[in-house]
Amino acid sequence: MRYICLIYNSTDTDGTLTPDETAELIKAHFAFDEELSREGIMIHSDALEMPDTATVLRVRNNTLSATDGPYVETKEHLAGFYVIEAPDMVKAKEIAGRIPSARYGAVELRPVRTLTLPD
């Protein structure tokens, strides 16, 4: 089963890591990515740009509107994600708990729902 691991960074601590701490965190993510790839668990992972680079799109009454971010006051922001393959939630939790950024923020783990077309 596929799971998405959404990595959230706290706005209180974001940007407060020293350059050395940031470099170590990045190295830890690359090592973790390689480990998951070797184990056949990794489907995809990426970091995201800061929230002020985001645009939120909505369509209402067939009209598209765009709002540049950040668009809501929040204590955390989505910083990156992993899509992994795991046999069950227990194993997915074990994998997600090893994500290096979990030491600084939070990781939301959620099963991916496979949609099918109705008959």
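**Exercises on strands, a pocket and charged pairs**

Six bridges join β3 to strand β4 (residues 63–68), and these two strands run antiparallel; strands count as paired if DSSP finds at least two bridges between them. The model is a predicted one, in which local features need pLDDT of at least 70 and side-chain atom pairs count only at pLDDT 80 or more, while totals for chains, interfaces and linings use all residues. Residues are numbered from 1 along each chain as its sequence is written, and side-chain values use heavy atoms, with hydrogens and water left out.

**Exercise 1.** Describe the order of the elements along the chain, and then examine the hairpin of β3 and β4.

*Solution.* Begin with the definition: helices (H or I, at least four residues) and strands (E, at least two) are DSSP runs, numbered from the N terminus. The chain has two helices and six strands, and from the N terminus on they follow the order β-α-β-β-β-β-α-β. Turn next to the hairpin, where Val56 stands opposite Thr67 in β4. Two residues lie between the strands of this hairpin, and Asn61 takes a positive phi near 50°.

**Exercise 2.** Find the strands to which β1 is joined, and name a residue pair for each.

*Solution.* Take β5 to start with: nine bridges join strand β1 (residues 2–10) to strand β5 (residues 76–85), and the two run antiparallel. Within this pairing, Tyr8 has Leu78 as its bridge partner in β5. Then take β6 (residues 106–111), which is joined to β1 by six bridges and also runs antiparallel to β1; here Cys5 stands opposite Leu109.

**Exercise 3.** Characterise the largest pocket by its volume and its lining.

*Solution.* A pocket is found on a 1 Å grid over the protein atoms alone, as an open set of points where a 1.4 Å probe fits, with protein on both sides within 12 Å along at least five of seven lines; lining residues have an atom within 4 Å of a point. The largest pocket holds about 660 Å³ of space, a volume being the space filled by probe spheres set on the points. Of the 27 residues that line this pocket, the closest to its centre are Asn9, Leu25, Ala47, Ala79 and Ser101. Among the elements, α1 gives the most to the lining, with six residues. By type, the lining divides into 12 nonpolar, 11 polar and four charged residues, where Asp, Glu, Lys and Arg count as charged, Ala, Val, Leu, Ile, Met, Phe, Trp, Tyr, Cys and Pro as nonpolar, and the others, Gly among them, as polar.

**Exercise 4.** Locate a salt bridge that links distant parts of the chain.

*Solution.* A salt bridge is a side-chain nitrogen of Lys or Arg within 4 Å of a carboxyl oxygen of Asp or Glu. The structure holds seven salt bridges. In one of them Arg2 pairs with Glu85, their closest N and O atoms being 3.9 Å apart; Arg2 lies in strand β1 and Glu85 in strand β5, 83 residues apart.
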